[in-house]
Amino acid sequence: MRRLFVGIAAASLTLVTALPAVAAGPPAGAGGGGKPAGSTCQQFGIGVLKSQGLLTSVAQNGLEYPIGSGDSIPFADVLAIHRDDPALANQVLTDYAVALDIATPEVVAALKAACPPA
């Protein structure tokens with residue numbers, strides 16, 4: 001199984017390096033390094049959910065927001081918010097960091113770096 005995975009990875013790498021340079025340009029709406037502008041924010045949010053053991057639950061049931069309201073935002077919309085509006089994602093993540101009692105100075109600084117506030 002491992003050999004199959006290594007073979008597929010090698011073939012994929014060969015294919016990617018063989019693409020014409022024109023196709024290698026960043027996609028429309030890309031941020032730094034050709035990644036979507038909010039991809040760092042999105043990955044940060046996913047990391048927070050993973051670290052708190054909440055990723056599976058949120059992926060299946062959505063994210064309750066505002067906290068305590070009983071209203072739920074579907075996971076696909078949560079991901080889109082992180083990609084499209086990092087400042088809004090910053091507010092949501094800040095609210096959850098406070099509610100989960102993980103809003104240390106280090107977490108807040110990392111959050112601001114990944115999802116810049118407005």
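Here is a short dialogue on reading a few features of this model.

Q: What should I know before I start?
A: This is a predicted model, so local features need pLDDT of at least 70, side-chain atom pairs count only at pLDDT 80 or more, and totals for chains, interfaces and linings use all residues. Residues are numbered from 1 along each chain as its sequence is written, and side-chain values use heavy atoms, with hydrogens and water left out.

Q: What does the secondary structure of the protein chain come to?
A: Helices (H or I, at least four residues) and strands (E, at least two) are DSSP runs, numbered from the N terminus. Here you get six helices and two strands, in the order α-α-α-β-β-α-α-α along the sequence.

Q: How many cavities of 30 Å³ or more does the structure hold?
A: Rolling a probe the size of a water molecule over the atoms shows where empty space is left. On a 1 Å grid over the protein atoms alone, a cavity is a set of points where a 1.4 Å probe fits but cannot get out, and lining residues have an atom within 4 Å of a point. Points are joined across faces, edges and corners, and a volume is the space filled by probe spheres set on them. This structure has three such cavities of 30 Å³ or more, and the largest has a volume of about 150 Å³. Its lining has 15 residues, with Gly 45, Leu 49, Leu 63, His 82 and Leu 93 the closest to the centre.

Q: Which helix gives the most to the lining of the largest cavity?
A: That's H2, with five residues. Helices H2 (39-51), H4 (75-84) and H5 (86-99) each supply at least two. For classes, Ala, Val, Leu, Ile, Met, Phe, Trp, Tyr, Cys and Pro count as nonpolar, Asp, Glu, Lys and Arg as charged, and the others, Gly among them, as polar. The lining of the largest cavity then has 12 nonpolar, three polar and no charged residues.

Q: At what angle do the axes of H2 and H4 cross?
A: Axes are lines fitted to C-alpha atoms, for helices over the stretch in contact, and angles run from 0 to 180 degrees between N-to-C directions. Under 35 degrees counts as roughly parallel, over 145 as roughly antiparallel, 65 to 115 as roughly perpendicular and the rest as oblique. The H2 and H4 axes come within 7 Å and cross at roughly 135 degrees, so the two helices are oblique to each other. As for contact (heavy atoms within 4.5 Å), Cys 41, Gln 42, Gly 45, Ile 46 and Leu 49 in H2 meet Phe 75, Leu 79, His 82 and Arg 83 in H4.

Q: And how do H4 and H5 cross?
A: Their axes come within 6 Å at roughly 125 degrees, which makes H4 oblique to H5. On the H4 side the contact uses Ile 81, His 82, Arg 83 and Asp 84, and on the H5 side Pro 86, Leu 88, Ala 89 and Leu 93.

Q: Which backbone details should I look up?
A: Try the peptide bond from Tyr 65 to Pro 66, which is cis with omega near -5 degrees. Pro 66 sits in the loop between strand E1 (63-64) and strand E2 (72-73). Then there's Asp 101, in the loop between H5 and H6, with a positive phi of about 60 degrees although it is not a glycine.

Q: Is Asp 101 buried or exposed?
A: Buried means under 20% relative accessible area, exposed over 50%, and partly exposed in between (1.4 Å probe, protein chains only). Asp 101 counts as exposed, at 71% relative accessibility. Across the protein chain, buried residues make up 24% of the 118 residues.

Definitions and conventions
On a 1 Å grid over the protein atoms alone, a cavity is a set of points where a 1.4 Å probe fits but cannot get out, and a pocket is an open set with protein on both sides within 12 Å along at least five of seven lines; lining residues have an atom within 4 Å of a point.
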